[in-house]
Amino acid sequence: MIRITSQARAGTLMAVGSMTMVQLGLALSVPLFGQIGPMGAVWMRLAWAALILVIAVRPRPWRFRRPVLLATVALGTVTAGVTMLFMASVARLPLGTASALEFLGPLSVAVARGHGARRLLWPGLAAAGVLLLTHPWQGGGSPLGVLLALGAAACWAAYILLTQAVGDEVAGLQGLAVSIPVAALVSTPFAAGDIGRVLAPHLLLFGFGLALLLPVIPFSLEMYA
């Protein structure tokens, strides 16, 4: 029992650390919109992250069982989806509002896998908070931004389920080192017009640090958690 409790505590700390780094990485990405656009910021982070993980982990996807490889590719696709949709929503909504909407994804997973009537309490409070943030009765905000954030929430829910599925089958960070390059490839067509600006020398070092902050370290913590 003590061992299980210690593992649960470690997993919780890793999850909290991951969420903290994700929000910090997102906040630091927003000022780049004026220079490289939302999709350029996404591609810069994912491309650097893919390079870092391939060099550090040296993944061997040919050793994956076919269902696991397909799940890993799907994980990379939804990773690109959640990243691009969220950044596109932040370009239209305040960061706090977009984050609250996106968080409905993991919250839905927690509710679906929970037990008892009390599991509905937190979704109810979250829904009330989202309504207070978006003020839909005033007709303000960006409906497209809200839809993009909700799309990011759906992708994040799928990301959580696929991360667990891949993490249960693949040792260490092998799955992450395959899924992130897939995410970078998926995002490339959407950022094609901004890639030239991303490769500016003064942004390269910043992009490296930003990729460590999001997604390399937090996604690694999530995989282990």
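Axes here are lines fitted to C-alpha atoms, for helices over the stretch in contact, and angles run from 0 to 180 degrees between N-to-C directions. With that in hand, let's look at a helix pair and a cavity in this predicted model.

**The helix pair**

Helix 5 (residues 104–112) packs against helix 7 (residues 143–169) at an angle of about 45°, and their axes lie 7 Å apart. So helix 5 counts as oblique to helix 7. As for handedness, helix 5 and helix 7 make a right-handed crossing. On the helix 5 side, the contact comes from L104, G105, P106 and V109. Helix 7 answers with L150, A153, W156, A157, I160 and L161. Sorted by class, that contact has 9 nonpolar residues, 1 polar residue and no charged ones.

**The cavity**

How many cavities of 30 Å³ or more does the structure hold? There is 1. The largest cavity has a volume of about 180 Å³. It is lined by 13 residues, and V22, V82, E102, L214 and F219 are the closest to its centre.

Helix 1 (2–29), helix 3 (66–90), helix 7 and helix 10 (201–224) each put at least two residues into the lining of the largest cavity. Helix 10 gives the most, with 4 residues. Helix 7 thus turns up in both parts of this story: it packs with helix 5, and it supplies at least two residues of the cavity lining.

Here is how the two sets of residues split by class:

| Set | Nonpolar | Polar | Charged |
|---|---|---|---|
| Contact of helix 5 with helix 7 | 9 residues | 1 residue | no residues |
| Lining of the largest cavity | 9 residues | 1 residue | 3 residues |

Key: Residues are numbered from 1 along each chain as its sequence is written. This is a predicted model: local features need pLDDT of at least 70, side-chain atom pairs count only at pLDDT 80 or more; totals for chains, interfaces and linings use all residues. Side-chain values use heavy atoms; hydrogens and water are left out. Angles under 35 degrees count as roughly parallel, over 145 as roughly antiparallel, 65 to 115 as roughly perpendicular and the rest as oblique. A crossing is left-handed if the near helix is turned anticlockwise from the far one by less than a right angle, and right-handed if clockwise. Contact means heavy atoms within 4.5 Å. Ala, Val, Leu, Ile, Met, Phe, Trp, Tyr, Cys and Pro count as nonpolar, Asp, Glu, Lys and Arg as charged, and the others, Gly among them, as polar. On a 1 Å grid over the protein atoms alone, a cavity is a set of points where a 1.4 Å probe fits but cannot get out, and a pocket is an open set with protein on both sides within 12 Å along at least five of seven lines; lining residues have an atom within 4 Å of a point. Grid points are joined across faces, edges and corners, and a volume is the space filled by probe spheres set on the points.
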